[in-house]
Amino acid sequence: METFLAFALILGKSLLLLVALLVFIAYILLADRKIWAAVQLRRGPNVVGPYGLFQSFADLLKFVFKEPTIPDSSNKFLFLLAPLITCVLALSAWAVIPVAEGWAIANINVGVLYVLAISSLGVYGIIIGGWASNSKYPFLSALRSAAQMVSYEVSIGFVIVTVLMCAGSLNLTEIVRSQQDQGLATWLGVPWLAFLNWYWLPLFPMLIIFFISALAETNRPPFDLAEAESELVAGFMLEYGSTPYLLFMLGEYVSIILMCAMTTILFLGGWSAPIDLPPFTWVPGVVWFVIKVCLVFFMFAMTKAFVPRYRYDQLMRLGWKVFLPISLVMVLVVAFVLQLTGWAQAG
Amino acid sequence: MVAAAFFYLFAGVCIASAFMVIAGRNPVTSVLFLILTFFNAAGLFILIGAEFLAMMLVVVYVGAVAVLFLFVVMMIDVDFAELRSGFLQFLPVGVLVGIVFLIELLLVIGTLFVDPAILQTAAAAAAADAPAVGVTNTEAIGLVLYTDYLFVFQAAGFVLLVAMIGAIVLTLRHKPGVKRQDIGKQVERSHETSVELKSVPSRQGV
C-alpha cells in the first residue's frame, strides 16, 4: 500500500511538472519568436489571441491534425522512434531539476551526472532520425550534428567539474545550497547581497563557456548547423512532418530550457533570492527560479537574433582548440586555488 | 519484490538485446541493440546501488563510444552475404573460444572449483576496504581510486593518451599546396600590413 502511495505521489508530481513545463514552453516559444521579431523590427505572431498569446496552441493543433508522411524507403520503425527518443529523453532529464527548495521529483546524489548522461543521449534522436530517413541531406546533417554535440559535451563536462569542485557535491540541490552559504558577499560582511555569493562571479569565464557550449549542444543559432537551411534544406528533420516533427521541436525546446535551468542552478544560485532581505525573500523560490530561467533564455533568444551562423570547421575549432584547453586549464587552476586556500569543502 | 521484478526486466532485456547484437542483419540495428544492452546494464548497476558507475556507463559508453560506433557502421559498406558465407567454417573455432571463456569464468567466479576459504578471505578483505556508512558512492570510488590505486589509474590514463596520439598520427596527412585558414595570421593582419597605397601617375597605370 505504501509503495503504491509513493508511486502515485511520484506520478502526480511528474504530471504536474510535465504540464507546467509544456505550458511554459508554449510561451517560451512565443517569446523566442517575439524577441527575434523585435530585433528585426517586425511584430512577430500577433493574430491568434490578444498579442498572439495563443499562437503556440494554434501551432500545436496544426501539427497534430496534419497527415504524417513516412518516406517509402525509410526504416519505418526507427523513423518514428527517433522523435520519440528526442522528446522523452529531453523530458526525463527534468526529473532531477530542483525548481525550488526540495521540489525535485528525484533528489539523487548523482544529479549532475544524470543530466549530463541524458543530454548526451539526445544525440541519438538526431542520428537515428537522419539515418532512418534514408535521404542525403538528413544523413549529412545527422553526422554533422552528432559530431557537434559530442565535441561540446567535453567542454560542458569540464565546466561542470569546476562547479562540482567548488560545491563539493554532485547533488543539484547541494550545489544550490553551497552557493547560498559562502562567497564574496559573506566575506565582505554583507551576506544579504546574496547574488555576489553565486558561482557566476568567481567562475565567470566558465559561465561564458558553458553558455556558448549550451548553445552548441542544443543546436541553437548561431550553431544550428544541423538545420542550416541554406545548405542542408532543413537538416535531419527534412523528411518529418506533423506530429513527429512536433515532437522533435518540443524535444529541442525542452532541452534548451533544461540548459537554461542548468545555467541557473550551476551559476545563478537556483531558487535563492538575489537579495536576502524582505520583500525579496517573501517571493517563493520557484518564482525566482522561473525568472532566472527566463533571463538566461532571453540571452539565448538575443544570440539567435543577432549572431550570424558559424561555419562548420570554425565551430569544430572553437570546441576543440579553444574551449577544451581553456576549460581543462581552468579545472587545474580552480583545483589549485581551492586546495591552497583551503576553500575546498570538507567531505 | 519490486527490485526483483526490475532486476528480471533489466537482465532479460539485456540478454535479449545482447543476442540481437550478433543476430541482427543490419549493422546499424546491431549497434542500436548494443546501446540498449548498455542501458540495461546501467539499470542493473542502479539496482545494486552503484549509481555513479551507472551514470558513467551511460555518459562514456552510450554517449560517446557507441556514437562513434554508429558513425563508423553508417559509413562503411559491409557485404553481409560474403560475411555469412564463412560462418560454418569458423563455427568450430568460435565454439572452442566460447567454451574456454566459459570455463575460465566458472573458475574465477564459481565456487565449484575454488576453495570456499579463499573466497571468504577475499570477501573479508573487500569488507575491510568498504567505506564507512553514509559516504556516497562517488566519494567512495574517489577515495580508493586517488589514493591506493593512483599509479594504476594514471597508467591507464597514459595508455589511453598513447592510443589517442597513435590514432591521430595515423590519420594526420599534410598535403602540400592545400590552402588552409590560419586564424592567427588573420588576426595578426593590420591595416599597415594589408593595405598599400600607391600614387599612380596619371595615364601611366601602375
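Across the interface of chain A and chain B in this predicted model, 3 residue pairs are in polar contact, with both residues of each pair at pLDDT 80 or more. Salt bridges between the two chains number 0 by the rule applied.

The side of chain A that touches chain B draws on several helices. α4 (111-132), α5 (136-167) and α12 (312-341) of chain A each contribute at least two residues to it. Of these, α4(A) gives the largest share, 11 residues. Sorted by character, the residues on this side of chain A are 18 nonpolar, 5 polar and 4 charged.

How many residues does each chain bring to the contact? Chain A brings 27 residues, and chain B brings 26 residues. The size of an interface is often given as the accessible area lost when the parts come together. Here chain A and chain B bury about 2,200 Å² between them, and carbon and sulfur atoms account for 80% of that area. Which three residues of chain A supply more of its buried area against chain B than any other three? They are A:Leu113, A:Tyr124 and A:Trp131, which together provide 24% of the area that chain A buries there.

Chain B can now be taken by itself. Its secondary structure consists of 10 helices and 0 strands, so that reading along the sequence gives the pattern α-α-α-α-α-α-α-α-α-α. Of the 206 residues in chain B, 16% are buried, where buried means under 20% relative accessible area. The area that chain B exposes is about 16,100 Å², and 72% of it is supplied by carbon and sulfur atoms. Among the contacts in chain B with a separation of 6 or more, 52% join residues 24 or more positions apart.

A single residue of chain A serves as a last stop. A:Arg33 lies in helix α1 (residues 2-39) of chain A. Is A:Arg33 buried, partly exposed or exposed? Its relative accessibility is 33%, and therefore A:Arg33 counts as partly exposed, the class that falls between under 20% and over 50%. Apart from neighbours within four places in sequence, A:Arg33 is in contact with A:Pro45, A:Gln55 and A:Asp59. A:Leu258 stands 225 residues from A:Arg33 along the chain, and the C-alpha atoms of the two are separated by 19 Å.

Notes
Residues are numbered from 1 along each chain as its sequence is written. Chains are lettered from A and ligands numbered from 1 in the order in which they are written. This is a predicted model: local features need pLDDT of at least 70, side-chain atom pairs count only at pLDDT 80 or more; totals for chains, interfaces and linings use all residues. Side-chain values use heavy atoms; hydrogens and water are left out. Contact means heavy atoms within 4.5 Å. Buried area is the accessible area (1.4 Å probe) that two parts lose on being put together, summed over both. A salt bridge is a side-chain nitrogen of Lys or Arg within 4 Å of a carboxyl oxygen of Asp or Glu. A polar contact is a pair of N or O atoms within 3.5 Å; within protein, one must be able to donate a hydrogen and the other to accept it, and residues adjacent in sequence count only if both atoms are side-chain atoms. Helices (H or I, at least four residues) and strands (E, at least two) are DSSP runs, numbered from the N terminus. Ala, Val, Leu, Ile, Met, Phe, Trp, Tyr, Cys and Pro count as nonpolar, Asp, Glu, Lys and Arg as charged, and the others, Gly among them, as polar. Buried means under 20% relative accessible area, exposed over 50%, partly exposed in between (1.4 Å probe, protein chains only). Accessible areas come from the Shrake-Rupley method with a 1.4 Å probe; for residues, only the protein chains shown count as cover.
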